[in-house]
Amino acid sequence: MLRIHFTEKDLARVRMAAGPDPLWETILSFHRIRDRRAPLAFGEWRREARTRLNGETSLLSALVPQRGYFPDFLTPGQEALGLDAGLDALRATAPDRIRGELALLSASGARPVRKDGTRPARQGPGGRLTTLADSGPGRLGRLVEVIRTYHRAAVEPYWAHVRARVEADRALRGRALLDGGADELLSSLPPMVRWHGQVLEADYPVERELRLEGRGLLLQPSFFCRTTPVVYRDPALAPVLVYPVTHSEPPPVAERAGPSLGRLVGHTRSAVLRAIEHGCTTSELARRTGVSLASASQHAGVLRESGLISTLRYGNAVLHTLTPLGGALLRGGGVHADEAPRP
């Protein structure tokens with residue numbers, strides 16, 4: 001069980017991340033690519049991503065075990081400023097911190113202890129960890145390139161979909177915050193996270209107590225997070241709670257651009273798309289566009305099939321939000337580089 005303890009000052013400093021964090025998504029996706037669980041959400045992605053990997057995973061396997069602790073320095077938390085900013089922060093990690101976190105990783109491996117109190121060296125790819133900690137200024141260069149290459153193969157082709165799901169979750173949490181403040185926001189988090197007054201409890205593989213002590217909490221929705229949220233092991237780091245978004249469909253290689261887009265004609269559907277720009281329920285959509293509830297639901301269905309909106313359940317209703325492709329169409333401009341469909 002994880003327990004995060006809030007003060008009144010912390011409640012005033014709860015905030016949502018601006019978007020998906022490239023390094024959190026990359027590292028957490030490495031967990032997903034090695035298991036066979038959640039086949040509906042990740043099965044197709046897992047099969048496609050594996051075909052594009054060319055041996056980039058051996059060093060990552062040593063740093064990111066299938067279960068349990070992985071070093072905090074792998075996800076420095078640049079609050080969605082981009083992959084390059086995150087990798088620059090990772091590259092700048094202090095050597096003492098690297099050694100300390102690698103020692104924790106080594107200890108968590110539960111390798112046998114010799115009579116002299118030492119542990120045998122890791123075999124295979126894990127032997128590279130000593131070099132990672134003790135080499136010169138370029139010690140993390142190889143790791144940075146491995147992460148970048150893996151990201152390009154396993155995460156980047158799906159980034160538009162990842163961002164769409166995170167943006168949909170942000171819209172839902174933002175509405176909760178507007179409706180009832182920080183209490184409502186924390187109460188709206190996924191079922192594995194529960195708000196009890198001044199304590200946020202979450203399902204967690206070990207017992208952890210995190211006291212915010214006035215620092216607030218960054219809520220980071222994640223596409224590749226699964227089952228339980230994630231926090232930093234080091235309580236001195238800026239507090240962040242990474243939690244899973246709702247998965248209503250698997251990530252496609254590219255945003256759907258099939259026959260449904262050909263149905264996007266006429267003033268009514270354009271008005272429907274514009275009405276969804278900042279998120280709305282089906283009832284609100286009907287009121288904003290002056291159509292019946294059934295018609296609003298039908299139009300939303302067509303837009304969703306076309307990959308232009310996402311839909312998440314919000315209480316007894318559903319909340320529609322634009323995907324990056326829908327936003328680009330509404331702006332009347334091209335899709336940005338990180339939104340563009342890829343083959």
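Contact, in these legends, means heavy atoms within 4.5 Å. The structure shown is a predicted model.

**Figure 1. His-299 and the residues it touches in the predicted model.**
Let us start with a histidine. His-299 sits in helix H12, which spans residues 293–305. Is His-299 buried or exposed? The relative accessible area of His-299 is 10%, and buried means under 20%, so His-299 counts as buried. Once neighbours within four places in sequence are set aside, the contacts of His-299 are Thr-268, Arg-269 and Val-272. Helix H10 covers residues 267–275, and one of these partners, Val-272, returns in the next view as part of the contact between H10 and H11.

**Figure 2. Helix H10 packed with helix H11.**
Two packed helices are described by the angle between their axes and the distance between the axes. For H10 (residues 267–275) and H11 (residues 282–289), the angle is about 125° and the axes are 10 Å apart. That angle makes H10 oblique to H11. The crossing of this pair is right-handed. Which residues make the contact? Ala-271, Val-272 and Ala-275 come from H10, while H11 supplies Leu-285, Arg-288 and Thr-289. By type, the residues of this contact divide into 4 nonpolar, 1 polar and 1 charged.

**Figure 3. Helix H5 alongside helix H8.**
Here is a second helix pair to explore. The axes of H5 (residues 83–91) and H8 (residues 141–154) come within 10 Å and cross at roughly 155°. Angles over 145 degrees count as roughly antiparallel, and H5 and H8 are therefore roughly antiparallel to each other. Their crossing is right-handed. On the H5 side, the residues that meet H8 are Leu-83, Asp-84, Leu-87, Leu-90 and Arg-91. On the H8 side, look for Gly-141, Leu-143, Val-144, Glu-145, Ile-147, Arg-148 and His-151. The residues of this contact divide into 6 nonpolar, 2 polar and 4 charged.

**Figure 4. Asp-35 in the loop between helices H2 and H3.**
Now for a loop residue. Asp-35 lies between helix H2 (22–33) and helix H3 (39–51). Is this aspartate buried or exposed? Asp-35 has a relative accessibility of 9%, so Asp-35 counts as buried. Apart from neighbours within four places in sequence, Asp-35 is in contact with Arg-46 and Arg-50. Arg-46 is 11 residues from Asp-35 along the chain, and the C-alpha atoms of the two are separated by 9.0 Å.

**Figure 5. The open sheet S2-S6-S7 and helix H9.**
Three strands line up here in the order S2-S6-S7, and their pairing is parallel. Which strands lie at the edges? Strand S2 (14–16) and strand S7 (240–244) do, each pairing on one side only. From one strand to the next, the twist averages 25°. S2 and S6 (residues 217–222) run parallel and are joined by 3 bridges. To find your place in this pairing, look for Arg-15, which stands opposite Leu-218 in S6. Helix H9 (residues 159–187) packs on the sheet, where H9 touches S2, S6 and S7. The direction of H9 makes about 160° with that of S2.

**Figure 6. The mixed sheet S3-S4-S1-S5.**
This open sheet has 4 strands, in the order S3-S4-S1-S5, and its pairing is mixed. Strand S3 (193–196) and S5 stand at the edges with a single partner strand each, so one side of each has no neighbour in the sheet. The twist from one strand to the next averages 20°. How do the partners of S1 run? Strand S1 (residues 2–5) is antiparallel to strand S4 (residues 199–202), with 4 bridges between them. With strand S5 (residues 208–211), S1 pairs in the parallel sense, over 4 bridges. Two residue pairs help you trace these strands: Ile-4 stands opposite Leu-200 in S4, and His-5 has Arg-211 in S5 as its bridge partner.

**Figure 7. The whole chain, for orientation.**
Stepping back from the close-ups, the protein chain holds 13 helices and 10 strands. Of its 343 residues, 50% are buried. Among contacts with a separation of 6 or more, 71% join residues 24 or more positions apart.

Technical notes:
Residues numbered from 1 in each chain as written. Predicted model: local features only at pLDDT ≥ 70, side-chain atom pairs only at ≥ 80, totals over all residues. Heavy atoms only, no water. Buried < 20%, exposed > 50% of the residue type's maximum accessible area, 1.4 Å probe, protein only. Axes fitted to C-alpha atoms, helices over the stretch in contact; angles between N-to-C directions. Parallel < 35°, antiparallel > 145°, perpendicular 65-115°, else oblique. Left-handed = near helix turned anticlockwise from the far one by under 90°. Nonpolar A, V, L, I, M, F, W, Y, C, P; charged D, E, K, R; others polar. Pairing = 2+ DSSP bridges.
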